[in-house]
Amino acid sequence: MDIKQITEQGTILKIISGSYMYGTNTPNSDKDYIGICIPTKDYIIGMHRFEQLEERTNPSNSDKKNSKADNYYTCYSLSKFIKLAYDNNPNILEVLFAPKESIVYCDNLGKHLLEHRKLFVSKRAYYKFMGYAIAQKRKLITKQSEGLRAKIVEKHGYDTKYASHLIRLLYFGIEILRTGELIFPTEHRRYLIQIKNGEWSLSQIIGKAAYLENYLDESLKSSSLPEHPNLEEINRLQINLIESFWHK
């Protein structure tokens, strides 16, 4: 059985992520999907290894701009997904809080995983969301964009993608530290759309980011989340999901 078949037959959850989940999509937005699958025994207790499968209709090295006809799909093995969720990876935590409208496919095992989303949320989120945000700010300030993105920099004076990611990550980090969850579509979508459209100046974005970074610092201090996720409970969850899938 090849990797494609393994992901198709082993999928327990698939969502539409990115702008369609945030509520910031436009009529021309491409679609991003994230899935979780449980591989066969050969790929978990055998010698074979599988972590994730990526499929793009428009290759990453293409000079063609993504359109509404394009999509990007990443399917993670359950063990890889849970490892990233344990680390509070921003892109992965979002999946656990996907609203019903964003769920493309979910079986009983996928539902069981979502019901245990709170197991993963911890103060680690601060370091991950802040780290990802700083990386976006660095790209924004140094204007590293190339190809099609360079034209956007020329037009607006900065890359609107990096800018919107920067502000979004800070907002989401604050939200999860203060509430322990993420709500979609995000209540901040109006600001994020404005930034994507180049309606803010670079100085406004840097100023807003500085304010949100301070707010994120304060959110960490006042957060009631645990310092780390409960490793033993998450370990039991992973074993239970895999054994249930194989039994099924």
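**Exercise 1. Determine how many cavities of 30 Å³ or more the rule yields, and characterise the lining of the largest cavity.**

Solution. The count comes to 1 cavity of 30 Å³ or more. On a 1 Å grid over the protein atoms alone, a cavity is a set of points where a 1.4 Å probe fits but cannot get out, while a pocket is an open set with protein on both sides within 12 Å along at least five of seven lines; lining residues have an atom within 4 Å of a point. Grid points are joined across faces, edges and corners, and a volume is the space filled by probe spheres set on the points. The model is a predicted one, in which local features need pLDDT of at least 70 and side-chain atom pairs count only at pLDDT 80 or more, whereas totals for chains, interfaces and linings use all residues. Residues are numbered from 1 along each chain as its sequence is written, and side-chain values use heavy atoms, with hydrogens and water left out.

Step 1: the largest cavity holds about 30 Å³ of space.
Step 2: its lining consists of Asp30, Arg56, Thr57, Asn58, Asn66, Asp70, Asn71 and Tyr72.
Step 3: by class, this lining has 1 nonpolar, 4 polar and 3 charged residues. Here Ala, Val, Leu, Ile, Met, Phe, Trp, Tyr, Cys and Pro count as nonpolar, Asp, Glu, Lys and Arg as charged, and the others, Gly among them, as polar.

**Exercise 2. Describe the second largest pocket and identify the helices that supply at least two residues of its lining.**

Solution. Step 1: the volume of the second largest pocket is about 250 Å³.
Step 2: Pro39, Tyr43, Ile44, Arg49, Phe50, Glu51, Ser77, Ser79, Lys80, Lys83, Gln238 and Ile242 line the second largest pocket.
Step 3: at least two lining residues come from each of helix H3 (78–86) and helix H11 (231–247). Helices (H or I, at least four residues) are DSSP runs, numbered from the N terminus. H3 gives the largest share, 3 residues.
Step 4: the lining of the second largest pocket divides into 5 nonpolar, 3 polar and 4 charged residues.

**Exercise 3. Establish how H3 and H11 pack against each other.**

Solution. Step 1: their angle is about 160 degrees, and their axes lie 11 Å apart. Axes are lines fitted to C-alpha atoms, for helices over the stretch in contact, and angles run from 0 to 180 degrees between N-to-C directions.
Step 2: H3 and H11 are therefore roughly antiparallel to each other, a term for angles over 145 degrees.
Step 3: the crossing of H3 and H11 is right-handed; this holds if the near helix is turned clockwise from the far one by less than a right angle, and left-handed applies if anticlockwise.
Step 4: Leu78, Ser79, Ile82 and Tyr86 in H3 meet Leu231, Ile234, Gln238, Leu241 and Ile242 in H11, where contact means heavy atoms within 4.5 Å.
Step 5: the contact of H3 with H11 has 7 nonpolar, 2 polar and no charged residues.

**Exercise 4. Analyse the packing of H6 with H8 and with H10.**

Solution. Step 1: helix H6 (residues 124–142) and helix H8 (residues 160–179) pack at about 165 degrees, with axes 8 Å apart. That makes H6 roughly antiparallel to H8.
Step 2: H6 and H8 cross in a left-handed sense. The residues of their contact divide into 15 nonpolar, 3 polar and 2 charged.
Step 3: H6 and helix H10 (residues 202–222) pack at an angle of about 165 degrees, with their axes 11 Å apart. That makes H6 roughly antiparallel to H10.
Step 4: the crossing of H6 past H10 is left-handed. The contact of H6 with H10 has 10 nonpolar, no polar and 3 charged residues.

**Exercise 5. Locate the cis peptide bond from Phe184 to Pro185 and the positive phi of Asn88.**

Solution. Step 1: the bond from Phe184 to Pro185 is cis, with omega near -5 degrees. Pro185 sits in the loop between H8 and helix H9 (189–196).
Step 2: Asn88, a residue other than glycine, has phi near 65 degrees. The loop between H3 and helix H4 (90–96) contains Asn88.
Step 3: for context, most residues other than glycine have a negative phi, and most peptide bonds are trans.

Key
Parallel < 35°, antiparallel > 145°, perpendicular 65-115°, else oblique.
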